[in-house]
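Colleague: I should be grateful for a close look at a single part of this model, set in the context of the whole. Please take the matter step by step, in one connected account.

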Amino acid sequence: MKCFYDLHIHSALSPCAEKDMTPQNIVAMARLKGLGAIAVTDHQSSANCAAVMEASRDLAGPVVIPGLEIESSEEIHLLCLLPGLHEAQQMQRVVRAALPTRLNRPDIFGTQLLLDRHDRITGEETCLLLQACSLDCQTLALQVRNLGGVLIPAHVDRDAYSMLQTLGAIPADFPTAWLEFTSPDAARDCLGRHPALAAYRPLYNSDAHRLGDIAEARFCLDLPDSAGFGGAGCRHAILQALQPC
Amino acid sequence: MTLPELDRILSGQFLTDEPPVSAAVTGAYACDMLSHVMAHAGPGDVWLTILNSINVVAVAELTGCACVVLTEGVAMEPAVLERARERQVTVLSTPLTTFQAAGRLAQLLPERG
């Protein structure tokens, strides 16, 4: 069974995302695009995941995988996907405990909105999410694995916050079978410069901060037919597919 | 030292508007880790870095540093530069390495504890 995906989407909780990245809008746009699965991955927080999962149930939208985009102490962005809300909340607690207590400056970074399933604003995150936590990539990978999740180096083809750019390579002992790229063109280009990357499988996500940037139904994961098209079974199958070999 | 002297001192050029004559430079900080810059750079500092993402502008504004100096001839995307102009963050580009640029500034600025 083919599952069209976009596993890297920011909600309005990310200060750099647009305000209309609300649960219902994200779900409605993903459905319109024909996606089978999406992941909500705000910077250093999973606080809006529950609302998006609920909105998707309300609107018969795609499968929603809860996650975070973690910024490690090396200032590398890592796509963290977890099997359920409970695990996502646990991972958020780990990251939060390792985050400096610096407050957000909405005038500089943007607001960090907490939303419910009906797109109502329920609060604002006051701690700045656009900063690194004090845990390194390997420590984070271990924590995520213990929760049954996956940690995938994000947008490795880019200059900013990319493991490839920051460390100069993907360390052989970093436990991932997958790397996230911006597009197949970017991946080809990257592979030309770093032939060792051929050992990894490419994941293409939008990293959408605006509704219009959510991916078209273009990239898909091959899941076992037993995964079904909704809910926990599909989430489980996707996380299984993305596990390090 | 004033900001408008900086292009001459660092053999560089301003990518944003020429800064006001009165803008003072009181210190410098060299680092490519945004978390360290957020924690340690301050108003009046020249920040030497090879980073050029949109968040560089935000961190420069947050810390109030006098100028972002992109070393090693690093360029800035037009959209990021536009953001810098909007937020009145001064950006200068120099072909010098961070070490060379810091060396020149060290002769002109007091060392900070």
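Modeller: What follows concerns the open sheet of chain A and the elements packed on it, with the two chains as a frame.

This is a predicted model, in which local features need pLDDT of at least 70 and side-chain atom pairs count only at pLDDT 80 or more, while totals for chains, interfaces and linings use all residues. Residues are numbered from 1 along each chain as its sequence is written, and chains are lettered from A and ligands numbered from 1 in the order in which they are written.

Chain A contains eight helices and 10 strands; helices (H or I, at least four residues) and strands (E, at least two) are DSSP runs, numbered from the N terminus. Its radius of gyration, taken over C-alpha atoms, is 17 Å, which agrees with the value near 18 Å for a compact globule of 245 residues; the globule rule is 2.2 Å times the number of residues to the power 0.38. Along the principal axes, the C-alpha atoms of chain A fill a box of roughly 45 × 45 × 30 Å. Of the 245 residues in chain A, 48% are buried. A residue is buried if 20 or more other C-beta atoms lie within 10 Å of its own, exposed if 12 or fewer, and partly exposed in between, with C-beta atoms placed from the backbone. Of the contacts in chain A with a separation of 6 or more, 73% are between residues 24 or more positions apart; a contact requires C-beta atoms, placed from the backbone, within 7 Å.

The open sheet in chain A has six strands in the order E7-E4-E3-E2-E1-E10, with mixed pairing; two strands pair if DSSP finds at least two bridges between them. Strands E7 (150-153) and E10 (220-222) of chain A stand at the edges with a single partner strand each, so one side of each has no neighbour in the sheet. From one strand to the next, the twist averages 30 degrees; axes are lines fitted to C-alpha atoms, for helices over the stretch in contact, and angles run from 0 to 180 degrees between N-to-C directions.

Strands E3 (residues 63-71) and E4 (residues 77-81) of chain A run antiparallel and are joined by five bridges. A:Glu69 has A:Leu79 in E4(A) as its bridge partner. Helix H2 (residues 49-58) of chain A packs on the sheet, where it touches strand E2 (37-43) and E3 of chain A, and its direction makes about 160 degrees with that of E3(A). Helix H5 (residues 137-146) of chain A also packs on the sheet, touching E3, E4 and E7 of chain A. The direction of H5(A) makes about 150 degrees with that of E7(A).

Helix H2 of chain A holds A:Cys49. This residue, A:Cys49, is buried, because 27 other C-beta atoms lie within 10 Å. Not counting residues up to four places away in sequence, A:Cys49 touches A:Val40, A:Pro66, A:Leu85 and A:Ala88. The C-alpha atoms of A:Cys49 and A:Asp116 are separated by 9.5 Å, although the two are 67 residues apart along the chain.

In H5(A), the buried residues include A:Cys137, A:Leu140, A:Ala141 and A:Val144. They cover an arc of only 105 degrees around the axis, which puts them on the same side of H5(A); the arc is that of the directions from the helix axis to the C-beta atoms. An α-helix has 3.6 residues a turn, so residues three or four places apart point the same way. The cover over the buried residues of H5(A) includes E3, E4, helix H3 (85-97) and E7 of chain A. On the other side of H5(A), A:Leu142 and A:Asn146 are exposed. After H5(A) comes A:Gly148, with a positive phi near 80 degrees.

Strand E7(A) is joined to E4(A) by four bridges, and the two run antiparallel. The bridge partner of A:Leu78 in E7(A) is A:Pro153. Both faces of E7(A) are covered, with A:Val150 and A:Ile152 buried on one side and A:Leu151 and A:Pro153 buried on the other.

As for chain B, nine of its residues are in contact with nine residues of chain A. The side of chain A that touches chain B has five nonpolar, one polar and three charged residues; Ala, Val, Leu, Ile, Met, Phe, Trp, Tyr, Cys and Pro count as nonpolar, Asp, Glu, Lys and Arg as charged, and the others, Gly among them, as polar.

Methods: Contact = placed C-beta atoms within 7 Å.
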